[in-house]
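Thanks for coming, everyone. I'd like to walk you through one model today, going strand by strand and then stopping at a single side chain. Let me put it up on the screen.

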Amino acid sequence: RKSVLGCGERGRGILFSSGTVDNITIVPMRNRLRKGFTLIELLVVIAIIGLLSTLAVVALSSARLKARDAKRVSDVKQVQGALDLYATEKGGYPTVVADTTLGTTVKCVDDSVAGLVATCGTGTKYMGLIPTNPTPNGADYVYLKSATSVATCTDATKACADYKITFTIEGDTGDLKKGACSATAAGMTCP
């Protein structure tokens, strides 16, 4: 017995059979081979890839902003820890003549009288390298004479009763709000 496999409308195969199958004869209706994709199919794929890549770029940008802010908060907390160690040993915080940029002008917290110095001395190092603000955006970390009273830090031979470090964050981070922030011995705040 013979079965006939034919291609009907739009290339759909139709099997005609009567009884048992001894051999099969294929009868092609069209000899058209389909190669490649249509223009519409290509445009749809390109549009989907474009949409997915746009979403990835937006998500990556947000992640970078959060990472920079997390680094800023971590950096300032590390400096606070070094300043607390200094204050425990010296009875107060380092004295500076003017507001000082941390990480560029001052790179070290040690047990010297000044405490905040460009190069660490041979004594105890509370922080060997003060970090700088991650770029882009943000502002340098600045150590101010005192958060409460400048008068308490005018004598370079005495330790300050308090300090203030200013920095900025680009977005809300934990309890801290976007914008200018400050850190004192009491903690961090962002108005």
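Let's begin with strand S5, residues 108-110, which is joined to S7 by two bridges, the two strands running antiparallel. If you want a place to rest your eyes, find Asp 110, which stands opposite Lys 125 in S7. I should say right away that this is a predicted model, and I'll come back to confidence at the end.

Now zoom out a little. What is the strand order in this open sheet? It reads S6-S5-S7, three strands with antiparallel pairing. At the edges stand S6, residues 116-117, and S7, residues 125-127; each has a single partner strand, so one side of each is left without a neighbour in the sheet. Helix H1, residues 39-90, packs on this sheet and touches S5, S6 and S7. The direction of H1 makes about 150 degrees with that of S7.

Moving along the chain, we come to S9, residues 164-169, and S10, residues 179-184, an antiparallel pair joined by five bridges. Here Phe 167 stands opposite Cys 181 in S10. S10 also pairs with S11, residues 187-189, in the antiparallel sense, this time over three bridges. In that pairing, Ser 182 faces Thr 189 of S11 across the strands, standing opposite it. How many residues lie between S10 and S11 in their hairpin? Two.

Next, the side chain I promised you. Glu 170 sits in the loop between S9 and S10. Is Glu 170 buried or exposed? With a relative accessible area of 13%, Glu 170 counts as buried, because the cut-off for buried is under 20%. As for its company, the Glu 170 side chain makes a polar contact with the side chain of Asn 137, at 2.8 Å. Leaving aside residues up to four places away in sequence, Glu 170 touches Leu 65, Arg 68, Asp 69, Arg 72, Pro 136, Asn 137 and Lys 178.

Finally, confidence, as promised. The mean pLDDT of the protein is 81, and 75% of its residues reach 70 or more. Two stretches call for care, though. Over residues 3-7 pLDDT stays under 50, and the model has 28 contacts beyond four places in sequence for them. Residues 15-19 also stay under 50, with eight such contacts in the model. Where pLDDT is low, the predicted coordinates should not be read in detail.

That's my tour, and I'm happy to go back to any view you like.

Methods
Residues are numbered from 1 along each chain as its sequence is written. This is a predicted model: local features need pLDDT of at least 70, side-chain atom pairs count only at pLDDT 80 or more; totals for chains, interfaces and linings use all residues. Side-chain values use heavy atoms; hydrogens and water are left out. Two strands pair if DSSP finds at least two bridges between them. Helices (H or I, at least four residues) and strands (E, at least two) are DSSP runs, numbered from the N terminus. Contact means heavy atoms within 4.5 Å. Axes are lines fitted to C-alpha atoms, for helices over the stretch in contact, and angles run from 0 to 180 degrees between N-to-C directions. pLDDT is the predictor's confidence in each residue, from 0 to 100. Buried means under 20% relative accessible area, exposed over 50%, partly exposed in between (1.4 Å probe, protein chains only). A polar contact is a pair of N or O atoms within 3.5 Å; within protein, one must be able to donate a hydrogen and the other to accept it, and residues adjacent in sequence count only if both atoms are side-chain atoms.
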